[in-house]
Amino acid sequence: MIETLLGTFQKLTLRVKAAILLSIALVVCLFLQWRELSSLFAMLAIIQIFHTIFYTEQPRIFWFYLIVGVVISLWAVGFTSVGVDIGYIYVAIFSSLTFFECFRVVFMAILKYPSSIQNLKTLNEDLENRVSQRTYELQKANEKLLELDKMKTAFLQQASHDLRTPLAAIKGSLDNLTLGVAGELTAKQSRIVDRATRSVDRLTNLINDILDLSRIETGRTKLEKTNVSFKTIVESSMQEHKPAAEARQIQMEPLLCDEPLFIHADVSKIERIVGELINNAIKYTPANGTVTVALEGKDGRACLRVIDSGIGMAPEECQKIWERFYRTTDSQFLAKGSGLGLSIAKELVELHEGTIEVNSTKGEGSTFTVLLPIIKELIPHAKCNDHHC
Amino acid sequence: MPNATIIIVDDEEELRENLLDLLEFKGYHVVAFSTGEEVLEKYESIQPDLLLLDIQLPGIDGIEVLSRIRQKFTRDELPIAMVSASSIPVVLTQAERAGANRTILKPYALQEMLSTVAELLGDKGITDG
């Protein structure tokens, strides 16, 4: 408490300090009834206070002195005979000062009134100008964004067309050769043409993946949702991937529930998700391994698990596999890929309000789990496609 | 052997020639054009059984050609498959709305093209052997 008071005291200006000290001395002298000294200190204190008030910019100090002065005066009047004169002087001076100060404030306000109005007007105009300026800038920025969006769409459309056209020409030429349009091919010629065809297919898939991701990211992917049986999609996807699994001597094991598990989804996108996961499992499982595809209903959700006995991943790689173009170190030795398939699968699952996650142990295999909301009740006469509706 | 007549329209020479080679090899009678104007001028005199029409064409584009032909011939009277290198869904939807029997995306798989052609020609198509 004392420290705080001392701290505050030290921050005061010299004049205020002097006024306070003189006031204290005055009170002490009044208390001890030292008449001469009281008068002296009273005069000095009043002079200091007078100076302090007129040279200070802090109105609080003014009111502080007024209150202190009145209290001291009353005390002096009430309890000491010598303090009567001083008390009257104190009250008189403070009353005059208060009146003078009030008058000064009002007078200054009147003097400043016209310029205040002008200032207010200028401030208003300034504010309005700033608001219009910012609004204009925002409009411009918005127009620029819309323009950029249009350019992006146009670029995608053009890039899509310009990349596919030469690919279509190469693929068409290779197909014609394979078909024997230019005569029967020898075994060696066939192998060369096959090699070129595989590369073109790979490039085509890569371009399709990049364009697909770009469409998803820019929110241009439109879902054409119908009520479909998730089980039917999984079954047909397994059927489709059977030759690839057999070619790599991989056992595909279905572990599917009896229920059709209806979901409200875009069939082509769900086919893509399931296909990506099965394809991924086959690619990264060495010969004689197994890929198990399990499907069941769980807490109002369809739960698809694709379990492989493949190369697996280190824990730190598990989160990175959803990133674009990311490929684990081991995967690069085992199979070709762009590192986009799983990114697309994740985006598509999330577009369907589902979740996808992976659990993996390096050298032992991986389990990819997809959860999608099941439709509780099928709406009668709802628009259905041929997938079990 | 009843050779069906197919008109192919594509401004990309390589694609046009490839498709021409393929379909001729399969025994169809093929007439190829590179612009929409040409095909609109000549298709009626050729009396084709099927049109394979590229969407992005210089001048009158594929959708416009399709719309104009549809003013005279229905989907059943003259089947038209639109072929496009653009995978933008809007473009494909536009084609279907304008009266396309099918849309085929480039680069197409050989079997996809041949089976689409056979399906759209129906009885008019040729059978191997």
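Chain A puts 18 residues into its contact with chain B, and chain B answers with 21 residues. This is a predicted model, and in it the two chains bury about 1,800 Å² between them. Beyond the interface, there's a helix in chain A worth a look, plus a pair of cysteines that stay unpaired.

**How the chains meet**

- Of the area buried between chain A and chain B, 67% lies on carbon and sulfur atoms.
- Over in chain A, the residues that lose the most area to chain B are A:H161, A:R164 and A:L179, which together make up 30% of what that side buries.
- Don't go looking for salt bridges between chain A and chain B: the count is zero.
- Polar contacts do turn up, with four residue pairs between the two chains, both partners at pLDDT 80 or more.

**What chain A brings to the interface**

- Two elements of chain A give two or more residues to the side touching chain B: α5 (83–179) and α6 (187–217).
- Of the elements on that side, α5(A) gives the most, with 14 residues.
- Sorted by type, the chain A side comes out as five nonpolar, nine polar and four charged residues.

**Helix α11 of chain A**

- Helix α11 covers residues 341–351 of chain A, and its buried residues are A:G341, A:L342, A:S343, A:I344, A:A345, A:L348 and A:V349.
- A general point on helices: with 3.6 residues a turn, residues three or four places apart point the same way.
- So what covers the buried residues of α11(A)? The cover includes two helices of chain A, α6 and α8 (267–283), along with the strands β6 (355–361) and β7 (365–373).
- α6 of chain A thus has two roles here: it is among the elements giving residues to the side that touches chain B, and it is part of the cover over α11(A).
- After α11(A) comes A:E353, with a positive phi near 60°.

**Cysteines**

- How many disulfides does the structure hold over all chains? Zero.
- A:C257 is in no disulfide, and its nearest cysteine sulfur, that of A:C303, sits 9.9 Å away; a disulfide would need the two sulfurs within 2.5 Å.
- Looking from the other end, A:C303 is in no disulfide either, and the nearest cysteine sulfur is that of A:C257.
- Is A:C257 buried or exposed? It counts as buried because its relative accessibility is 12%, and the cut-off for buried is under 20%.
- A:C303 is buried as well, with a relative accessible area of 2%.

Terms used: Residues numbered from 1 in each chain as written. Chains lettered and ligands numbered in written order. Predicted model: local features only at pLDDT ≥ 70, side-chain atom pairs only at ≥ 80, totals over all residues. Heavy atoms only, no water. Buried < 20%, exposed > 50% of the residue type's maximum accessible area, 1.4 Å probe, protein only. Contact = heavy atoms within 4.5 Å. Buried area = accessible area lost by both parts, 1.4 Å probe. Salt bridge = Lys/Arg side-chain N within 4 Å of Asp/Glu carboxyl O. Polar contact = N/O pair within 3.5 Å; in protein donor to acceptor, adjacent residues only side chain to side chain. Helix = DSSP H or I, 4+ residues; strand = E, 2+ residues; numbered from the N terminus. Nonpolar A, V, L, I, M, F, W, Y, C, P; charged D, E, K, R; others polar.
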